[in-house]
Structure formats: structure tokens, C-alpha cells
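Hi there,

Here is the structure I promised to pass on. Have a look at it first, and then read on for my notes on what turned up.

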Amino acid sequence: MKSSEPPETDAYTVGKYLEENNYHIAYSTFDNANSITVLTNGRVQVSAVASVDKMDICKWMTSTEWYVPNVPFMDRTAYIIPKSEQERFGEFLNEHENEVYLEQEIGDYFIYASEYNFSVME
């Protein structure tokens with residue numbers, strides 16, 4: 001099947017933002033990670049986390065290759081947080097308050113950034 005460019009949804013705009021700002025790795029909820037990865041044609045690997053407050057591996061249908069220690073800890077990383085998860089993400093922010101910052105808000109998403117990859121395999 002052939003189609004034109006996907007519609008400019010919030011997820012599509014997030015993917016474009018990540019590409020334009022040279023992000024290659026990001027994390028989000030299971031519902032968002034795969035679709036944003038596909039919308040960037042894999043140029044940005046958005047991996048699913050089980051919980052945004054811990055940034056822990058989503059143990060089903062994801063590769064361990066996408067999480068620390070299998071990716072470098074010292075690597076510029078984006079965290080794509082839907083508005084519905086913002087309060088829960090606050091716990092993560094409290095733990096990393098001087099290391100993670102809000103970079104952009106696009107529709108229903110907050111894009112946070114860090115010079116570190118805080119994903120874990122626990």
C-alpha cells in the first residue's frame with residue numbers, strides 16, 4: 001500500500017522535533033514509543049518504559065539493547081511524557097531535578113531532556 005506523509009498529529013510533530021534537534025534515543029510510555037519510532041522511520045529510537053517515574057524497561061516486546069547498561073549512560077536523551085503521566089513523572093524529576101529539564105511542550109506531550117540516559121533494566 002502506498003500513502004502520503006502521515007497526518008500532522010502531536011506524535012508526528014514530536015518525532016519531527018526529535019529529529020530536528022538531533023535526538024537519537026528517547027523514552028516514553030508503551031502507547032507512544034513504537035508509534036513515534038515508526039513516524040521517524042527509525043531515525044529516533046523511542047523505547048517503552050514500564051513506568052515514567054522509574055524509567056524502567058518495559059519487559060514485554062522491547063529489546064534490552066535499548067536500555068542502560070547496554071546503551072551509554074552519558075548520552076543525550078529525550079523523555080516524551082504524555083500529559084496524563086505528568087504527575088507520575090514528577091517523582092522522576094524530583095530524583096533528577098538538576099539533570100533533567102523541560103525542553104518543549106507539543107500538544108499532549110512534554111519533551112524533557114538530559115545529558116544522561118536514566119533508563120534502567122530493573
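**Tyr109 and its surroundings**

Let me start with Tyr109, which is buried, with a relative accessibility of 10%. Please keep in mind throughout that this is a predicted model. Tyr109 sits in strand β5. Leaving aside residues up to four places away in sequence, Tyr109 is in touch with Asp10, Ala11, Val14, Asn32, Ile80, Ile81, Pro82 and Gln104. With one of these, Asn32, there is a side-chain polar contact of 2.7 Å. Another, Pro82, is the bridge partner of Tyr109. If you would like a distance to check in your viewer, the C-alpha atoms of Tyr109 and Phe89 are 12 Å apart, with their positions 20 residues apart along the chain.

**The sheet and its helices**

The Pro82 and Tyr109 pairing belongs to a longer run: strands β3 (residues 77-82) and β5 (residues 109-114) are antiparallel and joined by six bridges. Both strands are part of an open sheet of five, ordered β2-β1-β3-β5-β4, in which the pairing is mixed. Which strands stand at the edges? They are β2 (45-49) and β4 (100-106); each has a single partner strand, so one side of each has no neighbour in the sheet. From one strand to the next, the twist averages 25°.

Helix α2 (residues 30-39) packs on this sheet and touches β1 (25-29), β2, β3 and β5. The direction of α2 makes about 165° with that of β2. Helix α3 (residues 86-95) lies across β3, β4 and β5, and runs at about 145° to β3.

**Salt bridges**

Now for the charged pairs. Side chains of opposite charge can pair when their charged atoms come close. In this model the count is four salt bridges, and here are some notes on three that you may want to look up.

- Glu19 and Arg43: the closest N and O atoms are 2.3 Å apart. The pair links distant parts of the chain, 24 residues apart, with Glu19 in helix α1 (residues 10-20) and Arg43 in the loop between α2 and β2. Glu19 is partly exposed at 26% relative accessible area, and Arg43 is partly exposed at 48%.

- Asp53 and Arg88: the closest N and O atoms of this salt bridge are 3.4 Å apart. Asp53 lies in the loop between β2 and β3 and Arg88 in helix α3, so the pair ties together parts of the chain that are 35 residues apart in sequence. Is Asp53 buried or exposed? Asp53 counts as buried, at 13% relative accessibility, whereas Arg88 is partly exposed at 39%.

- Glu105 and Lys83: the closest N and O atoms in this salt bridge are 3.3 Å apart. Glu105 is in strand β4 and Lys83 in the loop between β3 and α3, and this pair also links distant parts of the chain, 22 residues apart. Glu105 is partly exposed at 40% relative accessibility, and Lys83 is partly exposed at 39%.

When you open the file, Tyr109 makes a handy starting point: from this residue in β5 you can step across to Pro82, its bridge partner, and to Asn32 through the polar contact. From there the sheet order β2-β1-β3-β5-β4 will help you find your way around.

Happy to talk it through whenever suits you.

Best wishes

Note on methods:
Residues numbered from 1 in each chain as written. Predicted model: local features only at pLDDT ≥ 70, side-chain atom pairs only at ≥ 80, totals over all residues. Heavy atoms only, no water. Pairing = 2+ DSSP bridges. Helix = DSSP H or I, 4+ residues; strand = E, 2+ residues; numbered from the N terminus. Axes fitted to C-alpha atoms, helices over the stretch in contact; angles between N-to-C directions. Contact = heavy atoms within 4.5 Å. Salt bridge = Lys/Arg side-chain N within 4 Å of Asp/Glu carboxyl O. Buried < 20%, exposed > 50% of the residue type's maximum accessible area, 1.4 Å probe, protein only. Polar contact = N/O pair within 3.5 Å; in protein donor to acceptor, adjacent residues only side chain to side chain.
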